[in-house]
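Biologist: I have the sequence and the model open, and I'd love to go through a few spots with you. Could we take them one at a time?

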Amino acid sequence: MVTDVPPAVPEDPLGRLRRLGDEVREITADLPGGSDDVTGLLEPRTGAAVAATDPGADVIEDEDDAGLTDDLDELPPRRHRVTAVVVAHDGARWLPAALTALARSTRRPDRVVAVDTGSLDTTPDLLVRAERVGLVDRVVTVARDTGFGAAVAAALATSSGTAVDADPELVGWAWLLHDDSAPAATALEALLHHADHVRTAEIIGAKLRGWRNQDVLVEIGVTVARSGNRVTGLERRELDQGQHDGVGDVLSVSSAGMLVRRDVWDELGGFDPSLPMFRDDVDFCWRARSAGHRVVVASTAVVHHREAATHGRRPVDAGSPRHPDRPARIDRVSAIHLMRSHASGLRGPYVTFRLLIGSLVRAVGLLVAKAPQQARDEWGAFLDSVRDRTGLRVSRSRVAAAAALPEAVPESDVRTLLAPRGTQARHVLETFADLVAGRDVSDPSRSVLDSTSDDPDGWYADDRRPSRLRRAFRRPGVLLVLTLLLLALVGERGLFGDGVLLGGALIPAPEGASDLWASYTTAWHEVGPGSPADAPAWLAPLSGLAFLLRGSASSAVDLVLLGLVPIAGLTSYLALRGLVSHVWVRVWAAATYATLPAVTGAISGGRIGTAVSIALLPWLARSCVRLVGVGRPSSWRRAAGTALLLAVVASFTPVVWLVAAALAVVAGLTVVRDLAGRLRLLATVLLPVALLVPWSLRLFREPALLWLEPGLVGPTDRHLQPYDVLLLRPGGVGSTPLWLGVGLLVAALVPLGLRGGRRVPVVAWCVGLVALAFGVVQSVLHVQVAALPDPVSPWPGVATAVWGGALIVASAVALDGLPGRLAGASFGWRQPAAAAITVLLLLAPIGALGMLVLGVDGPLARGSRDVLPAYVGAEMRTTDRPRSLVLSRGADDRLIYDLLSAPQPQLGDVDVAGPASTSAVITSLVSRLAAGLGADEVEALATHGIRYVVLGDARAAGDPLVESLDSQPGLRRVSARDGAAVWQLVPTSSRAQVIDPPEAVAAGTVAMRVARAVPTVPDDPRTPPSVATTVAAGVDGRTLVLSEAIDSRWTWTVDGSAVTSTSPTVAGGDPATDPSIQQVGLVSSSVPVTISFDGSSRSTWLWAQGAVLLLVALLALPSRRVEDDDDSDAFEDAPDAADVAVGPDQGGTSA
Amino acid sequence: MTTPDPAPTTVAGLLRALRRPAVTVAVAAVSMLAVVGVGQTRVTAVPPVDDAPRVEPVASTTLVCPVTTATSALISTVIAGVAELDGVSTGVATLADLTTRTAASDPLLISKPGQTVARVFREKSGPAQLARATGSFAAGFGADQVIRSGVGATRGLGAAPCSRPVTDTWLVGGGTTVGRLTQVLLVNDDDSPAQVDLLVYGPKGPVDAPGGAGIVLPASSRRQVRLDTLAPGLAVAAVHVVTRNGRVGVTGLDQQSNGLIPLGMSLLPPTTPSTTVVIPNIPAPVRTARLSLISPDGDASASLTLLTGDGPIVPSGLAQVVLPAGRVVTVDLTPALVHSASGLRITSTAPVAGAVEVRTGDGTDLKEMDSAAGTPLLNAPGIVAGLRRGITHRIDVAAPTAQAVVRMELYVPGTTGAVWAQSVTVPGGATRRIVVPVTTLAASSFVVVTPVSGGPVYAGREVSEAGARGPMIALAPIYPTRATTSVPVAVSVPGSSVR
């Protein structure tokens, strides 16, 4: 078979090919697993396909890449002697194609040696037959655990020492091939052309493309990251359009198709036996680079590579690894070995440490991604690698030997070819972004198979499509959201500007997310006289959102309220995916949902609870539908995810949990019949209770809160009726007219009356009726909340949103099927009825949007957080920590007051306020103060730590309340802004104070209150005050008073010993004691005292909550994608190989 | 969502029936309507809350009396008393020097109802007096201040009730021309300093008076500010007293002389701008009567009605008075006044403050003057203390809109019950003047004016002394006592400070 001059073109190419094809078909006819479609490799290509896929033959002459050529164009071609080595290992499925392709070569190798590494399948037989028909010149059999390098060495040994080898005119080459790599016909010719063209190149690699999907680029040169992972620099499933052609110098080329000069091979001692399977090529090329040799890629040479071992399509036996069935682990061992062996001296321990950290991080990440086996592999690979000290020593000596060769270059020069730092992180981020954006990178529907090789348009289809941006703007969903956004911006034009959103149910958000978070975590709230109430759970997700928005709590509120319309439109549009087929029906449904009266009412009323719930409800509904097994089988992961979502929504509007629980019962009795499914339903309903601990326990104690939402404010419409709820109107400002809901109600009934396809409408009606029932209950209910003096009527906003959403789904299904149903029917009553209903349905969103554009009116406004003059706020931050009393006039001559312990009221204050009964004494004092009775109210209020009284809406002249307060002894008017009046209490007022016993009242003299302020430890005004000081000597019978509501978690020590504080008794008062303050008696001598609050019990609860959250979140996390074989297809039958995970960061490993 | 079929044979049959489209629609519609219908029957109003204000007796009353000026010719007297009204039983009332509350004071004590106490300042001015009552005494407590000079350039008589400290009030009248001394007497009865701005207005509008800005009154102090040092040359003035910090008791003292010839003395009571101002006590006969009006906030148009004994009279040519914002406008009422005492009602399109300055003395009589300002509505008993024989005490009661009945009672210490009582019916739009038959010599009797029924009434009084060289008069409003107050229902609403 050895020929002196290889023929450039076969004499009778077609005839020869036909003959070869027949032979191969004969060989493969009796193969068991011969399902690999090799015809693509065997049959001659025609027309453009040939030009595009095998450009070598035509393009070789045009090759003029300045980076590649040595500017030696005039040099005559040299004479080459190429020994092709095909290493086979259980490769009967691919070997016939590989051999056939090899035989098709326009420049046949001078000698083809096949090495069988103890294959157990029909490979030996195949090889024998191939040798017989002349496809192979020699077959060498070696042991099964022989590595790739050793196998090549064994093959090359058979041809060394021949007379031809000694010919100095001949350049000897070894061409390494795998049993699953099929070179294109012109591959070798192109490689040798490069060898002549680029005379300094001693190692030349081919462009590797896919086996099944032949246009997919697999590799065009390769390098490694600092973690040892292979980096190809290619996108996943990147199509070869010549975009990477011309890449010249690389760190390494794959061993599949590697053409290496024999002398270089011998000089470097071939592949490292310590790397029997993976990274051997990288190590070899790295050493060659160190020794001063050049490694290039000839992009005109194409080799199709299956990467069978990498994708687990055959076990790895080379080097007798511990886990032959886990190529990922072997790959990782090799990677670590490679990096360590190329790190000498002090660099060694450093690299090892870095790899240790990297392995740990990846193992943890894999654990979180619920891939424990892979996490174990990751960690085990590191241990395996570290244990192999002998191998490392040998490898390092090889590296050192290469670096010691005369032409050697500095190591730093070679390292410039390593992948840039951050490549991997970027890759991971991009992959994550793809996942988040919903671009399914492995979407089988968009396989490269779709663009067939015979259809040139297919390859360039992407180029001809409009830009991504333009495409995005043409999508109805994007258009919908943008339109809603624009209209919302117009409608909310009065709500932008300086300041923060406030009004209605909304108390302004604090400055930062951390303030919000702190109010969630703290056990004692500086609201009113102090409150031990459990903070509502919604503070946690809202703080999370605020943290995402660069830590701005007010931005989170702005987003939730002002962005509600487009967000609700977006979520409902996405959630209807798959349910409604007509995209414009989906658009209608989303627009209608996003403009429900509950939406506009929530914005106008500043109800963030309803707003968040409305935004999340579509996803929650979709998740619930999946949970009961519609569409795809239910799973525990789904249950955990639904529970998480339900917990978030229920934290804002607990009534949703009630609706969900009721629906779970209905589902458990009807749709879900199996035990596991019912258990999942139970878990979904109960997990939120655990997730929202300890707040959920408060709901058990105070069930009234189940009906309310953040802000605890009832409807602004006092005359709300159940039929309002039926017509989707929750009441209050911002609600649309009732008649807009009528069309929806009628249309939603239609699909129930049609034959077929009634499942979705029936489910929607079930959900809707349950929500309607709860909404009606809310509309007729008056609940008593401990923190507020009067009963509150709940606002049925969320209930109407669920009810409206259900009607929308039912109507959308009706609309969706309308064209189909009318298509075949003759004209009758149906068509006009359908038209009427369509018009009615269109009216709802159009009317609502029209009203939205006119402007959102309501209590929601933009204003300042400051309700007190600056000097009052500053004084409240001093160590005295005095309080302020803010008065306002309510309806019916009532006086409303807000006792401020911190200068600025903030979101959640009303939800954490203590029971109104605690401040009964203060309430009585305030009314007496306002009446101007002139008794001891001022002094009593001073004892409660109140120093300022503020009336926000003081009238200019003749205000009886102002006159009353002006005339009150002990109240001193101080300056204030326009429209407000501020009084200072003259008696000593401080959060902690020592009060002497009242003096004996002499006839005609005024009893004097003598008090002295005790400084608190300076701290944030929202943290519970603490005292650590020494009280100076005074009179007998004095008391130390702390104006904080009494609670067992306050710890007092006097003179080093713990004492229990008591509430003072109220003389003749209705409550016998005043629980809003606490006191202990003091002796007359100087005495050290400490007061502090122990909030550790809440911390314990929060840790427990965190643990439950972590557990549920882990359960709910999507599993790691297991299939990552770019070159697979649906038809390939691979029963012997469990699919293995190879993350995108690991690249495709050549094997 | 299932509704029970009236006669289901089997569950399967029921389910089969449910699958029929018409039945499904019916079931859905019926369920929907049933839910709403049941809800509709359960609609209840929000439970009513008891939020009617309670009426409670006040626990204490504090009145400040700044008029303690005295010279060799000038005598000031402060009188306080507790009337023996229903419900006034226990408590303590004092009249004490204004000193810091911690310092010792020498209070005059009233320990039982019906008593009066008085402090007289001769030769030398004294500290301001603080009249205070606690317990049920607060309901029957009144205090008055009288200043009198029988001879010399200061000859004249002035009277004013002690008043509650305020943060914002007006003095209308007085002037700063040569020979005229108008002073603003300020008292801070608090334990901390007060800061007061005196904003002066004249016939041409606000007067730049920097000396009146930021006047500091230390704790428990009295201060006398001469108006001519702030804004000289004003024929007629109005002063807006407004505090920046604290509150003050305010009275004006107006004296006029021509060289050594006295022209009279008066005390200016504080008044508050309103769209309806009633001055019930314009005496008759008088030599001149001049009304001063100011509309502080904006241009106003005021209409005047004289409330005479015979009914309302609109003075010719004075039906409409145009009041440019911030200008003191004077109206000569002399031609309109008849020979009986009358009241004056001013209704305006914007709040106005007003006072009438009357002058007496013709021929050989020495001249005398006094001022009557807008009076608060008498909606509770008004108490005047310190009546004595030798001085004529007249009570003027005006009912500007509708007929009203008031009861007048005279109490003399040492006797039980009222020694004189009279019910007076005042026709709508009229004023009634009653002379109180005082018989006691000491300044210790007091009269109580109680509105009994009918429309709103306003009360004032006139004190006149027949001097050797002509009568001396003093005009004063009668303030209602604050016996009770309405205690509003207070509710704690966390976060309400935001709205």
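**A walk through chains A and B**

Biologist: Does A:Gly1081 count as buried or exposed?
Modeller: The relative accessibility of A:Gly1081 is 58%. Buried means under 20% relative accessible area, exposed over 50%, and partly exposed in between, using a 1.4 Å probe and protein chains only. By that yardstick, A:Gly1081 is exposed.

Biologist: Before we go on, what kind of model is this?
Modeller: Residues are numbered from 1 along each chain as its sequence is written, chains are lettered from A and ligands numbered from 1 in written order, and side-chain values use heavy atoms, leaving out hydrogens and water. Local features need pLDDT of at least 70 and side-chain atom pairs count only at pLDDT 80 or more, while totals for chains, interfaces and linings use all residues, as this is a model that is predicted.

Biologist: Which residues does A:Gly1081 touch, not counting those up to four places away in sequence?
Modeller: A:Gly1081 lies in strand S27 (residues 1078-1081) of chain A. Helices (H or I, at least four residues) and strands (E, at least two) are DSSP runs, numbered from the N terminus. Contact means heavy atoms within 4.5 Å, and beyond four places in sequence A:Gly1081 touches A:Arg1038 and A:Thr1039.

Biologist: Now to helix H35(A): at which residue does H35(A) bend?
Modeller: H35(A) covers residues 830-854 and reaches 36 Å from its first C-alpha to its last, close to the 36 Å expected at 1.5 Å a residue; that expected span is 1.5 Å times one less than the number of residues. The bend is the angle between axes fitted to the seven residues ending at a position and the seven starting there. It comes to about 25 degrees, with A:Pro845 following within four residues, and the site is A:Leu843.

Biologist: How are H32(A) and H35(A) oriented to each other?
Modeller: Their axes are 8 Å apart and the packing angle is about 135 degrees, where axes are lines fitted to C-alpha atoms, for helices over the stretch in contact, and angles run from 0 to 180 degrees between N-to-C directions. The contact is made by A:Gly743, A:Leu744 and A:Ala747 of H32(A) and A:Ile837, A:Leu840 and A:Leu841 of H35(A). Angles under 35 degrees count as roughly parallel, over 145 as roughly antiparallel, 65 to 115 as roughly perpendicular and the rest as oblique. H32(A) and H35(A) are therefore oblique.

Biologist: Which peptide bond precedes A:Pro694, cis or trans?
Modeller: A:Pro694 lies in the loop between H29 and H30 of chain A. Omega from A:Val693 to A:Pro694 is near 5 degrees, and the bond is cis.

Biologist: And which proline of chain B is joined to B:Ala284 by a cis peptide bond?
Modeller: The residue lies in the loop between strand S19 (274-282) and strand S20 (288-294) of chain B. Omega is about -5 degrees, and the proline is B:Pro285.

Biologist: Is A:Asp90 buried or exposed?
Modeller: A:Asp90 sits in the loop between strand S1 (79-88) and helix H5 (95-103) of chain A. Its phi is near 50 degrees, a positive value in a residue other than glycine. At 14% relative accessibility, A:Asp90 counts as buried.

Biologist: What about A:Asp1055, buried or exposed?
Modeller: A:Asp1055 lies in the loop between strand S25 (1050-1054) and strand S26 (1057-1059) of chain A, and its phi is near 55 degrees. With a relative accessible area of 55%, A:Asp1055 is exposed.
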